[in-house]
Amino acid sequence: SERDIVRALGEHAVDGVLFLSIAFSAEYAALLQQYDIPWVVINNQSPGEAAFSVTHDDLEGSRQVVRHLVALGHACIAYMGNVGAGRTNEERLSGFCLELSAAGKGTDTGVVINCRGGEVSDGIQGARELLALRVRPTAIFCFNDLMAIGVLTELQRKGFSVPGDFSLVGFDNIPFSALTNPPLTTFDQPKRQIGAEAAQMMLDLLARSGSDEPARRILRGCLQVRASTAAPVIMGE
């Protein structure tokens, strides 16, 4: 269906195309070149690099999340990923592993739970898998806020407290993340800035005022600490 959309855009003689969070392939590039249409890719999910792209530094964002949890005193942390999210999930998982290593934590301090998608229902299923573990982590870092909301729902349904029993972190800072009980600690991507950078890159291409050299911009966000994370409770205290 994506191939058909790209072909349709070319046939309708659009001036330019911005692609958001898809695996931008060489096939798509060839189709657009055939129609002489410039394109900019936002958060490319393909392993390759697009010539003109704007993306978020997911690896560094993930490291900030883990750094926060380690600073709170969590020794066993889980990453709940979305295997359908391609490059984005790979970079967030890499950041998770790198920061654990940088903090001097062994591989046994990190738990990875792979979910099929990134919806609330996937978070619920992931929480069930986590609760079935013999040794449970004290903190959970979810691929996105929707999954974190699912985890929060399931944990509370089973009688667990957040952040009393588990600290919980999401990613993306969607509006609902501030309205949960407790409000969700999350990583805030600079979404408006990413959109503005991509639009300006497209305007430069349309005006042919930009260089023919590839332009790739990587932006960074910041952690939003709310009430869903705290120091782990030590048994006996």
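## A tour from the aromatic cluster outwards

Begin by selecting phenylalanine 96, which at a relative accessible area of 1% falls under the 20% limit and is therefore buried. What you have open is a predicted model, and the values quoted along the way are computed from it.

With phenylalanine 96 still on screen, add tyrosine 79, whose relative accessibility of 0% means that tyrosine 79 counts as buried. The structure holds 5 aromatic pairs, and these two residues form one that is tilted, with 5.7 Å from centre to centre and 35° between the planes. Colouring by secondary structure helps here, because tyrosine 79 belongs to strand β4 (residues 77-82) and phenylalanine 96 to helix α4 (residues 86-102), so that the pair ties together parts that are 17 residues apart in sequence.

Next, select phenylalanine 171 together with phenylalanine 187. The ring centres of these two residues are 5.0 Å apart and their planes meet at 25°, so the pair is stacked. Phenylalanine 187 lies in strand β8, whereas phenylalanine 171 lies in the loop between β7 (167-169) and β8 (186-188), so this pair ties together parts that are 16 residues apart in sequence. Phenylalanine 171 and phenylalanine 187 are both buried. If you now add Phe141 to the selection, you will have the whole cluster that ring pairs link together, namely Tyr79, Phe96, Phe141, Phe171 and Phe187.

Keep phenylalanine 171 visible and show the side chain of arginine 92. Over which ring does the charged end of arginine 92 sit, 3.8 Å from the centre? The ring is that of phenylalanine 171. Arginine 92 also lies over the face of phenylalanine 143, at 4.6 Å from that ring centre, so select phenylalanine 143 as well if you wish to view both arrangements.

From arginine 92, move on to arginine 63, which is placed in helix α3. The two arginines are 29 residues apart along the chain, and their C-alpha atoms are separated by 8.0 Å. Setting aside residues up to four places away in sequence, arginine 63 touches Gly95, Leu98, Glu99 and Ala102.

Aspartate 57 is the next stop, in the loop between β3 (52-56) and α3 (58-72). Its relative accessible area is 15%, and aspartate 57 is buried. Apart from neighbours within four places in sequence, aspartate 57 is in contact with Ile218, Leu219 and Arg220, so showing these residues completes the view.

The following stops concern the backbone. Select valine 162 and proline 163, which are joined by a cis peptide bond with omega of about 10°; proline 163 lies in the loop between α6 (145-157) and β7. Then go to asparagine 181 and proline 182, where another cis peptide bond is found, with omega of about 5°, and where proline 182 lies in the loop between β7 and β8.

Aspartate 172 is also placed in the loop between β7 and β8. Its phi is near 120°, a positive value in a residue other than glycine, and at 18% relative accessibility aspartate 172 counts as buried. Asparagine 43, in the loop between β2 (39-42) and β3, likewise has a positive phi, near 50°. Is asparagine 43 buried or exposed? With a relative accessible area of 12%, asparagine 43 is buried.

Now select alanine 231, in the segment after β10 (222-224). At 44% relative accessibility, alanine 231 counts as partly exposed. Leaving aside neighbours within four places in sequence, alanine 231 is in contact with Leu72 and His74. Serine 167 is 64 residues from alanine 231 in sequence, yet the two are 7.9 Å apart in space, C-alpha to C-alpha.

Finally, clear the selections and look at the whole chain, which has 7 helices and 10 strands and whose C-alpha trace spans about 70 × 30 × 30 Å along its principal axes. Of the 237 residues in the chain, 46% are buried, and residues 24 or more positions apart account for 71% of the contacts with a separation of 6 or more. Displaying the surface shows an accessible area of about 11800 Å², of which 53% belongs to carbon and sulfur atoms. If you colour by charge, the mean positions of the 20 positive and 27 negative charges are 6 Å apart.

Conventions:
Residues are numbered from 1 along each chain as its sequence is written. This is a predicted model: local features need pLDDT of at least 70, side-chain atom pairs count only at pLDDT 80 or more; totals for chains, interfaces and linings use all residues. Side-chain values use heavy atoms; hydrogens and water are left out. Helices (H or I, at least four residues) and strands (E, at least two) are DSSP runs, numbered from the N terminus. Buried means under 20% relative accessible area, exposed over 50%, partly exposed in between (1.4 Å probe, protein chains only). Contact means heavy atoms within 4.5 Å. Accessible areas come from the Shrake-Rupley method with a 1.4 Å probe; for residues, only the protein chains shown count as cover. Lys and Arg count as positive and Asp and Glu as negative; His and the chain ends are not counted. The place of a charge is taken as NZ of Lys, CZ of Arg, CG of Asp or CD of Glu. Rings of Phe, Tyr and Trp (its six-membered ring) pair if their centres lie within 6.5 Å; planes under 30 degrees apart count as stacked, over 60 as edge-to-face and the rest as tilted. A charge sits over a ring if NZ of Lys or CZ of Arg is within 6 Å of the ring centre and within 35 degrees of the ring normal.
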